[in-house]
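Walk through this structure one helix contact at a time. Keep the 3D view open as you read.

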Amino acid sequence: LTFPLLSVTLLVSFGSSMLYGYNLAVVNSPAAHIKAFYNTTWARRYGHGLAPGPLTLFYSLTVSIFALGGLVGSLLVGLLVERYGRNGTLSRSALLILLAGGFMGFSRELGSPEMVIIGRSITGLHSGRCCLGCRANLRGFLGLVPSVFICLGVFFAQVLGLPELLGEGRFWPLFLSVVVVPASLQLLLLHCFPESPRYLLIERNDVCGATKALRQFLGTPDVQDVIEEMKEEQRSLSSMEMVSVWQLLRDRSVRWQTLSVVVVNAGMQLSGIDAIWFYTTIIFENTGIPVSQIPYTTVGTGAIEVVMGLIGCFTIEKLGRRPLIITGFCTMGICSAGITVSLLLQTALPWMRYVVVACVVGIIAGFCMGPAGIPFLMTAELFTQSHRPAAYIVGESLNWLCNFTVGFIFPFLQMSAGAFCYLVFCGICLLVALYIYLVIPETKNKTFMEISHIFA
């Protein structure tokens, strides 16, 4: 791991993964102000305000439309990287954020709730398009660096949402459009780094450019071994027929690997973490925590999230994938059940509201421990190169669809099921943990052939 390689990883994560985390949490604290804006605008247009049901529907759409944009972006990223390279794709994606920031920042002045929804969908499109590959021997550590930046993005959104900063009602359009700052910095600094060596050699057949880029990233003039390795990969890919999504789903030789990708990626989002990120303020309000204390309680949960993300990042190569992800899902399941029990008992025992806070912290900590990033690593490690792109499409599509589902239906689930809605997340987490324990092997330092033999 060299300084230039770490620097470009941090830069890309800063302008991509951190924005993803920020946009997950940014709609949380200004929820009441956004709903008030929607209601006032509707009354101005049609002479009457919105009923609670339609207002909840509009706000849920504002929250969850981000994931639909992400789904579209994730399906386009392969074509864009192939045409423009990684740097070119990231630069063009950063321009999308500037456009989205403009829509959301001027929405109140122009009296247009539609601009907020459009801006949210564009930020999702950006998040879906941004990705970064890294060398195989570093994939465990570097593969979780973006997850840490997601946690940082959530934390920054919670801090900026404090009443002393941008949490006041008049600042919410600025709060949503702050995303233009890291995107602008990334746009300016990306030009300091060369294009991906792998893209230059394999896609563009530019040996000279790839050699120069490798020397800068690896900090050594002797990169011939790496060049030969990539040339061998290029020859292998040229003679390899890439598998489509339909072919992957029908291939019985990798059916357990495919099912595992489906389970861990869907379980990652259906675990309830999106409900926590999107609706933390509403969850804490329902527990009876004083409104004035909620922003600071939320910031505390975000700080713990960052710490747990760092712990997962630095322990994955030592502990392996399975222990971290199984422990994470089990922790989330137990804490989800704890929220239900605490909400049922809080009338008789007022101090149970603080148990709810502890359970929310436990869910976040469990998620950052493993489920936050390991599903993406497993998707890469369970398949050969011919199957990997199709596996990523399956995993990413499920990821975004489940993100949308939770973000859209959680308020209605909460209204209909009350405290028992968290038992749904509890059951999903424990079932996913059981599946991983029974089916998925440890992939750390194992070749595909070894993993395939275990599945067989």
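Helix 3 and helix 5 lie oblique to each other, because their axes cross at roughly 135°, and angles from 115 to 145 degrees fall outside the parallel, antiparallel and perpendicular classes. The model shown here is predicted. Helix 5 spans residues 113-129, and its axis comes within 9 Å of that of helix 3.

Now look at the residues that touch. From helix 3 come Phe37, Tyr38, Thr41 and Arg45. They meet Pro113, Glu114, Val116 and Ile117 of helix 5. By class, this contact holds five nonpolar residues, one polar residue and two charged residues.

Helix 3 has another partner. This is helix 4, residues 52-105. The two pack at an angle of about 125°, with their axes 10 Å apart. Helix 3 and helix 4 are therefore oblique to each other. Their crossing is right-handed.

Here helix 3 offers Ala31, Ile34, Lys35, Tyr38, Asn39 and Trp42. Helix 4 answers with Leu55, Phe58, Tyr59 and Thr62. Seven residues of this contact are nonpolar, two are polar and one is charged. Note Tyr38: this residue takes part in the contact with helix 5 and in the contact with helix 4.

Helix 3 also leads to a pocket. Which helix gives the largest share of the lining of the second largest pocket? Helix 3 does, with four residues. Helix 6 (139-160), helix 14 (273-286) and helix 15 (294-319) each supply at least two residues as well.

The second largest pocket holds about 410 Å³ of space. Its lining counts 22 residues, and Asn28, Ser29, Thr281, Glu285 and Pro295 are the closest to its centre. Eleven of the lining residues are nonpolar, eight are polar and three are charged.

Move on to another pair, helix 13 (residues 255-270) and helix 19 (residues 388-417). Their axes come within 8 Å and cross at roughly 25°. Helix 13 is therefore roughly parallel to helix 19, because an angle under 35 degrees counts as such. The crossing is right-handed.

Which residues of helix 13 meet helix 19? They are Val261, Val262, Asn265, Ala266, Met268, Gln269 and Leu270. On the side of helix 19 stand Ala391, Val394, Gly395, Leu398, Asn399, Cys402, Asn403 and Val406. This contact has ten nonpolar residues, five polar residues and no charged residues.

Conventions:
Residues numbered from 1 in each chain as written. Predicted model: local features only at pLDDT ≥ 70, side-chain atom pairs only at ≥ 80, totals over all residues. Heavy atoms only, no water. Axes fitted to C-alpha atoms, helices over the stretch in contact; angles between N-to-C directions. Parallel < 35°, antiparallel > 145°, perpendicular 65-115°, else oblique. Left-handed = near helix turned anticlockwise from the far one by under 90°. Contact = heavy atoms within 4.5 Å. Nonpolar A, V, L, I, M, F, W, Y, C, P; charged D, E, K, R; others polar. 1 Å grid on protein atoms, 1.4 Å probe; cavity = no way out; pocket = protein on both sides within 12 Å on 5 of 7 lines; lining within 4 Å. Points joined across faces, edges and corners; volume = space filled by probe spheres on them.
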